[in-house]
Amino acid sequence: MTASVLNITTGESTRYTNFSFISIIRVADNYYGVKPEGIYLLSGDTDDGTVINGSITTKDSDLGTNESKRVQYVYLGSDTATTITPYFDGIAKQSHRSSFGGRKTKMALGNSGRYIQLKIDGIDRLQSMEVIPTPRQRRIK
């Protein structure tokens, strides 16, 4: 089962997979999933003993320029080790592990394209992300 959530402040949407709750409620600072059989506290590092792998995939972006570009580094506001798989013009490239306590990921310089999408796995908490493109000499791809 899949659930979708829309952030009305930013206009961004989030999709949750393997979602079996009929609704989510918040009581004080705690979130609970509601099923016909009961109410479940949503907290902790595991889901019934299975480690939770937080994962996001960004939307395709030209990062504000039509030029073909590379991405040498991705900086995350995260304190956990992550793995980033870049997609350049829709083609998946080699995955890269983060360093510096999950804050910096060095990407392969051979990858380039106009549109970039990132899949980030192993997220425990992600507060920010910065992607700095480096334009190539070729203006348009």
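Trainee: In this predicted model, does arginine 103 count as buried, partly exposed or exposed, and what is its relative accessibility?

Mentor: The partly exposed class lies between the buried limit of under 20% and the exposed limit of over 50%. Arginine 103 falls between these limits, so it counts as partly exposed, and its relative accessibility is 44%.

Trainee: With which residue does arginine 103 form a salt bridge?

Mentor: The closest N and O atoms of the pair are 2.7 Å apart, and the cut-off for a salt bridge is 4 Å. Arginine 103 lies in the loop between β12 (96-97) and β13 (104-106), and its partner, 24 residues apart from it, lies in the loop between β9 (69-76) and β10 (83-88). That partner counts as exposed at 60% relative accessibility. The residue is aspartate 79.

Trainee: How many salt bridges does the model hold?

Mentor: Besides the pair of arginine 103 and aspartate 79, aspartate 29 forms a salt bridge with arginine 26, with the closest N and O atoms 3.5 Å apart. Aspartate 121 forms a salt bridge with lysine 119, where the corresponding distance is 3.1 Å. The count comes to three.

Trainee: Is aspartate 121 buried or exposed?

Mentor: Its salt-bridge partner, lysine 119, is partly exposed, with a relative accessible area of 27%. For aspartate 121 the relative accessibility is 17%, and the buried class covers values under 20%. Aspartate 121 therefore counts as buried.

Trainee: Are aspartate 29 and arginine 26 buried or exposed?

Mentor: The relative accessibility of aspartate 29 is 66%, and that of arginine 26 is 53%. The exposed class begins over 50%, so both residues of this salt bridge count as exposed.

Trainee: In what order do the three strands of the open sheet lie?

Mentor: The edge strands, each pairing on one side only, are β3 (23-27) and β5 (38-41). Strand β4 (residues 30-35) is joined to β5 by four bridges, and these two strands run antiparallel; across this pairing, tyrosine 32 stands opposite leucine 41. The twist averages 30 degrees from one strand to the next. The order is β3-β4-β5.

Trainee: Why is the pair of phenylalanine 21 and tyrosine 40 classed as it is?

Mentor: The ring centres are 6.1 Å apart and the planes stand at 50 degrees. Planes under 30 degrees apart would count as stacked and those over 60 as edge-to-face. The angle of this pair falls between these limits, so the pair is tilted.

Trainee: Which parts of the chain does this aromatic pair link?

Mentor: Phenylalanine 21 is buried, with a relative accessible area of 17%, whereas tyrosine 40 counts as partly exposed at 36%. The two residues are 19 residues apart, in distant parts of the chain. The parts linked are the loop between β2 (13-17) and β3, and strand β5.

Trainee: Which residue has its charged end over the ring of tyrosine 40?

Mentor: The distance from the charged end to the ring centre of tyrosine 40 is 5.2 Å. This residue also lies over the face of phenylalanine 21, at 5.3 Å from the ring centre. The residue is lysine 35.

Trainee: What is the angle between the ring planes of tyrosine 73 and tyrosine 75?

Mentor: The structure holds two aromatic pairs, and this one has its ring centres 6.0 Å apart. Tyrosine 73 is partly exposed, with a relative accessible area of 22%, and tyrosine 75 is partly exposed at 31%. The pair is tilted, because its planes stand at 35 degrees.

Notes
Residues are numbered from 1 along each chain as its sequence is written. This is a predicted model: local features need pLDDT of at least 70, side-chain atom pairs count only at pLDDT 80 or more; totals for chains, interfaces and linings use all residues. Side-chain values use heavy atoms; hydrogens and water are left out. Two strands pair if DSSP finds at least two bridges between them. Axes are lines fitted to C-alpha atoms, for helices over the stretch in contact, and angles run from 0 to 180 degrees between N-to-C directions. Rings of Phe, Tyr and Trp (its six-membered ring) pair if their centres lie within 6.5 Å; planes under 30 degrees apart count as stacked, over 60 as edge-to-face and the rest as tilted. Buried means under 20% relative accessible area, exposed over 50%, partly exposed in between (1.4 Å probe, protein chains only). A charge sits over a ring if NZ of Lys or CZ of Arg is within 6 Å of the ring centre and within 35 degrees of the ring normal. A salt bridge is a side-chain nitrogen of Lys or Arg within 4 Å of a carboxyl oxygen of Asp or Glu.
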